[in-house]
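Work through the exercises below with the sequence and the coordinates open. Each task is followed by a solution in steps.

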Amino acid sequence: MVIRGFPGTAAGAGLAVPSGPVPQAPSNVTSITKDAGATVSFLPPASGTVTSYTVTPYVSGVAQSPTTVAAGSATSITGSNSSVYLQIPVTGLTNSTAYTFTVKATGSFGTSPESAQSGANTPLSGLVFGDDFNGTAGGPVDPEWWIYNNRCGYLAQSEVEGYMASHCVLDGSGNLKLTGEHVSVTVPRYPSDPLFPGNITQPWTSGACQSNTRTYAPTTGNTMTFEVSQQVCPGIGGGMWPGLFWLEGQDFLTQWKTDPNQTGWDSTGKAEIDVAEWNPSIVFTPDDYLNNSWDSSSPYTANVNTSTDFSAALHTYQCLWKPGVSITFKRDGTQTGTSAAHVPASGAQFFLLIYLQIISGAASSPQNCLIDYVRIYDQNLG
């Protein structure tokens, strides 16, 4: 029998195999964790057609069962650098175990190398959001955080800083570091400023972020615990005003990214809880976080520590919110205040704010605030 070849091929050689570029490896891989799971974020490859992505968890350097999803099934989130990140949920993780993650991309012509590993994060029981801020120094912060860049501080409150992304970074030692530095910066005024549009030169540069577009509220009947482990800067009270952990109502979700001006208060959309803040106009110590701007007139019991230097080490601060019922504050596990008045109601949803405001800037040397982790729990605590 004679075998006839196809045009352009030798007899019997068959069809040529098509070829094309293999996708590049994804980059900027980060994660947040939750109860028995995680959401892994990454930048997709800059070139090559992708049909699927594979996320591989690692425990102490040992690969675990991977998760593969079609490229079109990955959700997206826009980061503060305007880049669009893809996100893939991972389930079946073991609580109280630290995980890192890699991502690889598969296309019609092959699979990319694995990405660099993310920083470690740990899922925990009852957790709906957790970030341990692990990663290389100056490495990517998860896009669940919107880092303020080129934004003016609140002039109506006599702030003297401009916020820059370079002052809100991972420090490589498991912390998010906010730095207040006596270096001038020119930034746009915010829209509610009567002199807007226009720029202003501020004598200080600082760092701030919020929980991007995400808001949080507990399941009906549950209590939501907002927890932060942080170390305030040593210049606290001398012009440094760390609003290190605020909860702000959903009405201001996008406004705060560009304009900190806010008016009014209600129990849902404009609710506010200042979990850990320093207010130099009131005789409070740096660790007092009884939410003076939220409920300064209501009665509550207080346990204010006046002898501890809270800039010397990390301390844990918690706010336990049961909508319409109560708010309880704890420091290092000890209850410091509780109130049943002006409690944000069901229907309220909070986004998180972490920032270092500067009022007068009495200190001349750079001031650093460290945030070791942020966690949010949704639990039935009775």
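**Exercise 1. Place a strand among its neighbours.**

Task: Which residue of β2 stands opposite Ser 27, and how does β2 pair on its two sides?

Solution.

Step 1. Ser 27 stands opposite Leu 43 in β2. The model is predicted: local features need pLDDT of at least 70, side-chain atom pairs count only at pLDDT 80 or more, and totals for chains, interfaces and linings use all residues. Residues are numbered from 1 along each chain as its sequence is written, and side-chain values use heavy atoms, with hydrogens and water left out.

Step 2. Fix the terms. Strands (E, at least two residues) and helices (H or I, at least four) are DSSP runs numbered from the N terminus, and two strands pair if DSSP finds at least two bridges between them.

Step 3. Strand β1 (residues 27–34) is antiparallel to β2, with six bridges. The two strands make a hairpin with two residues between them, and Ala 36 in the turn has a positive phi of about 60 degrees.

Step 4. Strand β7 (residues 84–91) is also joined to β2 by six bridges and runs antiparallel to it. In this pairing Val 40 is opposite Ile 88.

**Exercise 2. Assess burial in β2.**

Task: Are the residues that point either way from β2 buried or exposed?

Solution.

Step 1. Use the cut-offs: buried is under 20% relative accessible area, exposed is over 50%, and partly exposed is in between (1.4 Å probe, protein chains only).

Step 2. Gly 37, Thr 39, Ser 41 and Leu 43 point one way, Ala 38, Val 40 and Phe 42 point the other way, and all are buried.

Step 3. Seven of the seven residues of β2 (residues 37–43) are therefore buried, and the strand is largely enclosed by the rest of the structure. Across the 382 residues of the protein, 50% count as buried.

**Exercise 3. Read two open sheets.**

Task: What is the strand order in the open sheet of three strands and in the open sheet of five strands?

Solution.

Step 1. The sheet of three strands has the order β12-β13-β18 and mixed pairing. Its edge strands, β12 (151–152) and β18 (204–206), each pair on one side only.

Step 2. Three bridges join β13 (residues 161–163) and β18 in the parallel sense. Gly 162 has Thr 205 in β18 as its bridge partner.

Step 3. The sheet of five strands has the order β11-β19-β27-β21-β22, with antiparallel pairing. Its edges are β11 (146–147) and β22 (272–276), each with a single partner strand, so one side of each has no neighbour in the sheet.

Step 4. β11 and β19 (residues 208–210) run antiparallel and are joined by two bridges. Here Ile 147 is opposite Cys 209 in β19.

**Exercise 4. Trace salt bridges.**

Task: How many salt bridges does a search of the whole structure find, and which parts does the pair of Asp 132 and Arg 375 tie together?

Solution.

Step 1. The criterion is a side-chain nitrogen of Lys or Arg within 4 Å of a carboxyl oxygen of Asp or Glu. The search finds four salt bridges.

Step 2. One of them joins Asp 132 and Arg 375, at 3.7 Å from N to O. Asp 132 is in the loop between β10 (127–131) and β11, and Arg 375 is in β28 (residues 367–379), so the pair ties together parts 243 residues apart in sequence. Asp 132 is buried at 10% relative accessible area, and Arg 375 is buried at 17%.

Step 3. Another joins Arg 214 and Glu 144, whose closest N and O atoms are 3.1 Å apart. Arg 214 is in the loop between β19 and β20 (223–231), Glu 144 is in the loop between β10 and β11, and the two are 70 residues apart. Arg 214 is partly exposed at 29%, whereas Glu 144 is buried at 3%.

**Exercise 5. Inspect a cavity.**

Task: Which residues line the second largest cavity?

Solution.

Step 1. A cavity is a set of points, on a 1 Å grid over the protein atoms alone, where a 1.4 Å probe fits but cannot get out; lining residues have an atom within 4 Å of a point. The whole structure has four cavities of 30 Å³ or more.

Step 2. The second largest holds about 40 Å³, a volume being the space filled by probe spheres set on the points, with grid points joined across faces, edges and corners.

Step 3. Its lining consists of Tyr 148, Arg 151, Tyr 154, Glu 159, Tyr 163, Trp 256, Pro 260, Tyr 355 and Gln 357. These divide into six nonpolar, one polar and two charged residues; Ala, Val, Leu, Ile, Met, Phe, Trp, Tyr, Cys and Pro count as nonpolar, Asp, Glu, Lys and Arg as charged, and the others, Gly among them, as polar.

Methods:
On a 1 Å grid over the protein atoms alone, a cavity is a set of points where a 1.4 Å probe fits but cannot get out, and a pocket is an open set with protein on both sides within 12 Å along at least five of seven lines; lining residues have an atom within 4 Å of a point.
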